Amino acid sequence: MLNIHNSMGGLKEPFQPLEPGHVRMYVCGITVYDLCHVGHARSQVVFDVVRRWLQASGYQVTYVRNITDIDDKIIERAAREGVSWREITARYIEAMHEDFAALGVLTPDVEPRATEYIPQIVEMIGTLVEKGYAYVAGNGDVLYSVGAFPSYGRLSGKRLGDLRAGARVEIGEHKQDPLDFVLWKMARPGEPSWESPWGAGRPGWHIECSAMSVALLGDHFDIHGGGLDLKFPHHENEIAQSCAACEAPFAHVWMHNGFLNIDDEKMSKSLGNFFTIREVLPRLRPEVMRAFVLSSHYRGPINYSEEALRQADAALKRLYLALRDVAPVADGPMAGEWSARFAAAMDDDFNTPEALAALQGLARALNTAKAAGEREEAGLLAAELCRLGSLLGLLGHDPGAWLSMASSLAEAADDLADDVIDGLVAARSEARQRRDWAESDRLRAELDAAGVIVEDGPTGSSWRRK
Ligand SMILES: [Zn+2]
């Protein structure tokens with residue numbers, strides 16, 4: 001039974017799709033005015049794995065991830081470069097697709113763009129105005145009246161009074177309440193615009209997600225996901241809009257992934273610790289990035305550091321070492337002890353660190369089977385390891401090819417853990433005892449490749465790092 005932590009209410013709850021067998025999920029996508037950064041990589045990998053696990057659990061999944069292709073930042077960038085806003089969005093949509101594909105993130109079933117849903121957006125704003133949840137401000141913008149929605153703040157646990165006390169009112173604003181937010185922005189001269197009952201303009205950011213998710217998934221769907229930074233105000237505003245316009249519950253489960261920090265600091269351009277995905281991928285294999293992201297539980301913060309990346313690289317290498325020189329038995333039974341542990345971890349609110357620990361346990365069992373010359377058993381375990389790895393988007397490479405590529409993460413090559421080396425050395429000693437020289441040579445070569453020297457003496461074998 002899958003349990004998911006619902007940000008709405010803050011409890012882990014048994015998951016039941018609203019429509020049996022079918023999960024409808026919406027994940028907030030990218031505003032395409034620049035290259036995607038490693039924080040985006042985390043969010044995308046997290047929800048990719050959520051989707052893969054739902055599918056592995058037997059559900060049909062409809063996965064929608066939007067593209068925000070009209071926004072102040074897009075217009076600013078286009079003006080700065082002296083090109084059209086469409087040139088900017090086309091450039092960064094292409095780059096985003098390349099980056100996410102490199103990370104092994106599966107393509108969404110639908111990838112709606114805000115500018116393709118203007119009629120639905122205008123219709124929803126019209127409904128909100130009609131029902132008294134929105135008004136036309138003095139400057140012509142259409143604003144949402146937060147005070148008209150009594151349960152505003154329920155997702156983020158914020159109180160209207162506290163929010164008002166902390167709100168900054170800008171000079172020249174036309175809000176009835178400092179918390180009101182824009183649904184439709186009047187176009188200034190030269191800006192891209194679309195016709196509406198309130199004049200030519202463009203949608204605010206929050207309304208696009210409400211209109212597109214309702215249009216594609218209905219007014220009550222299963223999972224709405226995004227980064228923790230979107231919980232307030234973006235998701236709070238989506239709830240206010242959708243629930244008021246549709247008089248329906250909107251998303252059933254809210255999922256938020258935690259922040260990605262760089263060397264224990266918040267990532268920011270001004271601190272100079274800001275990395276785009278394409279900056280880091282040439283030296284960091286995409287699978288290592290995935291393994292790093294999944295090494296922490298999705299809800300907590302994750303710290304991006306050389307050390308953490310090296311650990312992810314070494315952990316992945318241990319899995320590939322176990323898989324080397326084994327032919328997986330494709331049609332063997334797949335319900336071993338490690339599959340059960342893996343499933344229990346994933347069913348517990350997508351506990352990927354525990355799932356990865358199950359993969360390491362399975363790899364140790366595989367090493368033992370290989371060392372004992374149990375080829376059939378090793379083949380079955382290898383097939384199980386490959387299958388479980390694929391559910392996390394890992395282990396998709398040929399082990400020999402993976403291991404022959406030197407890792408560009410410094411020192412990672414000889415980063416085998418002591419207990420793994422002990423196991424390989426013990427397996428080699430056993431092979432020597434049964435005079436299986438081929439196997440003993442193979443294990444020595446494996447240790448050698450990992451930077452370990454084995455010395456055979458009268459009391460047995462010892463090892464040291466090169
Ligand atoms: Zn959104």
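Ser-196 touches Val-122 and Trp-184, leaving aside residues up to four places away in sequence; contact here means heavy atoms within 4.5 Å. This is a predicted model, where local features need pLDDT of at least 70, side-chain atom pairs count only at pLDDT 80 or more, and totals for chains, interfaces and linings use all residues. Residues are numbered from 1 along each chain as its sequence is written, and side-chain values use heavy atoms, with hydrogens and water left out.

**Around Ser-196**

Ser-196 sits in the loop between strand 7 (181-186) and strand 8 (201-203). Helices (H or I, at least four residues) and strands (E, at least two) are DSSP runs, numbered from the N terminus. Ser-196 counts as buried because its relative accessibility is 13%. Buried means under 20% relative accessible area, exposed over 50%, and partly exposed in between (1.4 Å probe, protein chains only). The side chain of Ser-196 makes a polar contact with the side chain of Trp-184 at 3.2 Å. A polar atom of the Ser-196 side chain also lies 3.0 Å from the backbone nitrogen of Trp-198. A polar contact is a pair of N or O atoms within 3.5 Å; within protein, one must be able to donate a hydrogen and the other to accept it, and residues adjacent in sequence count only if both atoms are side-chain atoms.

**The antiparallel sheet**

Strands 5-6-7-8, in that order, form an open sheet of four strands with antiparallel pairing. Strand 5 (134-136) and strand 8 are the edges; each has a single partner strand, so one side of each is left without a neighbour in the sheet. Neighbouring strands are turned by 20 degrees against each other on average, direction ignored. Strand 6 (residues 142-144) and strand 7 run antiparallel and are joined by three bridges. Two strands pair if DSSP finds at least two bridges between them. Trp-184 in strand 7 stands opposite Val-142.

**The parallel sheet**

A second open sheet of four strands has the order 4-3-9-10, with parallel pairing. Its edges are strand 4 (60-68) and strand 10 (250-257), each with a single partner strand, so one side of each lacks a neighbour in the sheet. The twist averages 25 degrees from one strand to the next. Eight bridges pair strand 3 (residues 22-31) with strand 4 in the parallel sense. Ile-30 has Ile-67 in strand 4 as its bridge partner. Helix 7 (residues 231-246) packs on this sheet and touches strand 3, strand 9 (220-227) and strand 10. The direction of helix 7 makes about 175 degrees with that of strand 10. Axes are lines fitted to C-alpha atoms, for helices over the stretch in contact, and angles run from 0 to 180 degrees between N-to-C directions.

**Helices 9 and 10**

The axes of helix 9 (residues 286-294) and helix 10 (residues 306-323) come within 8 Å and cross at roughly 110 degrees. That makes helix 9 roughly perpendicular to helix 10, a class covering 65 to 115 degrees. Glu-287, Val-288, Ala-291 and Phe-292 of helix 9 meet helix 10 residues including Leu-309, Asp-313 and Tyr-320.

**Backbone geometry**

Most residues other than glycine have a negative phi, and most peptide bonds are trans. The table lists departures from this.

| Site | Backbone value | Place |
|---|---|---|
| Phe-232 and Pro-233 | cis peptide bond, omega about 0 degrees | Pro-233 in helix 7 |
| Asp-325 | phi about 60 degrees | loop between helix 10 and helix 11 (337-347) |
| Phe-350 | phi about 55 degrees | loop between helix 11 and helix 12 (352-371) |

Phe-350 counts as buried, at 2% relative accessibility.

Notes:
Parallel < 35°, antiparallel > 145°, perpendicular 65-115°, else oblique.
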